[in-house]
Amino acid sequence: MTRFGIGYDVHRLVPNRKLILGGVEINHALGLDGHSDADVLIHAIIDALLGAAALGDIGQHFPDTDEKFKDADSGRLLAEVHELLKAKGYSIGNIDSVVVAQKPKLAPHILKIRTRLAEILQIDLDFISVKAKTEEGLGFTGNEQGISAYAIVGISG
């Protein structure tokens, strides 16, 4: 049976933080604020995977009140979720995602992000789609205050 999940995340851009998206560090003057490394793309994918398997959400598995997740590498958290899914008999069919950011321009980084996600999840690159959008200067992300991400996944098992 195929199951689908949807994930969403958003974090504020702040100085003195690295910008990590999809497990890739991107050179930018601002980074995302959060308890972990604040990787909005991986957080959205984690929520989508957990949702598809009816296993809760990222906050239940990796609470921001737990110091062991302070500055955590979200790629490691994604790998843990993948192991949980495999233990439940699920495999990932595909991931489709969108990152919404006015700046930096993400097109030059998309292949590297897809490749990193494929490495973490041990799946074929062709199963992962990452798209970048701006909001034409409108709203929270359009005014360069933050970055958001959406993900839809299909799993089978």
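This is a short dialogue on reading helix H1, the nonpolar core and a surface patch in a predicted model.

Student: Where should I start with H1, and how many residues does helix H1 have?

Tutor: Happy to help! Helix H1 covers residues 40-52, which is 13 residues. From first C-alpha to last it reaches 18 Å, close to the 18 Å expected at 1.5 Å a residue. Just after H1 comes Ala54, with a positive phi near 55°.

Student: Is H1 largely enclosed or open, and why?

Tutor: Start with the general idea. An α-helix has 3.6 residues a turn, so residues three or four places apart point the same way. Now the case here: twelve of the 13 residues of H1 are buried, so the helix is largely enclosed by the rest of the structure. Among the buried ones are Val40, His43, Asp47 and Ala52.

Student: Which residues touch the most other members of the largest nonpolar core?

Tutor: That core has 46 residues, and Leu21, Leu49, Leu78, Leu117 and Ile147 touch the most other members. Elements giving two or more residues to this core include strand S2 (19-21), H1, helix H3 (74-87) and strand S7 (146-156). H1 provides the largest share, ten residues.

Student: What is Leu117 in contact with, leaving aside neighbours within four places in sequence?

Tutor: Leu117 contacts Gly22, Leu41, Ile42, Ile45, Leu78, Ile128 and Val130.

Student: And on the surface, which residues make the nonpolar patch?

Tutor: Tyr8, Val10 and Tyr150 make a nonpolar surface patch of about 260 Å². Tyr8 belongs to strand S1 (residues 2-14). Its relative accessibility is 41%, so Tyr8 counts as partly exposed.

Key. Residues are numbered from 1 along each chain as its sequence is written. This is a predicted model: local features need pLDDT of at least 70, side-chain atom pairs count only at pLDDT 80 or more; totals for chains, interfaces and linings use all residues. Side-chain values use heavy atoms; hydrogens and water are left out. Helices (H or I, at least four residues) and strands (E, at least two) are DSSP runs, numbered from the N terminus. The expected span of a helix is 1.5 Å times one less than its number of residues. Buried means under 20% relative accessible area, exposed over 50%, partly exposed in between (1.4 Å probe, protein chains only). Patches are made of residues with over 30% relative accessible area and no salt bridge: like charges are joined within 9 Å, nonpolar side chains (Val, Leu, Ile, Met, Phe, Trp, Tyr) within 5 Å. Accessible areas come from the Shrake-Rupley method with a 1.4 Å probe; for residues, only the protein chains shown count as cover. A salt bridge is a side-chain nitrogen of Lys or Arg within 4 Å of a carboxyl oxygen of Asp or Glu. A nonpolar core is a set of buried Ala, Val, Leu, Ile, Met, Phe, Trp, Tyr and Cys residues joined through side-chain atoms within 4.5 Å. Contact means heavy atoms within 4.5 Å.
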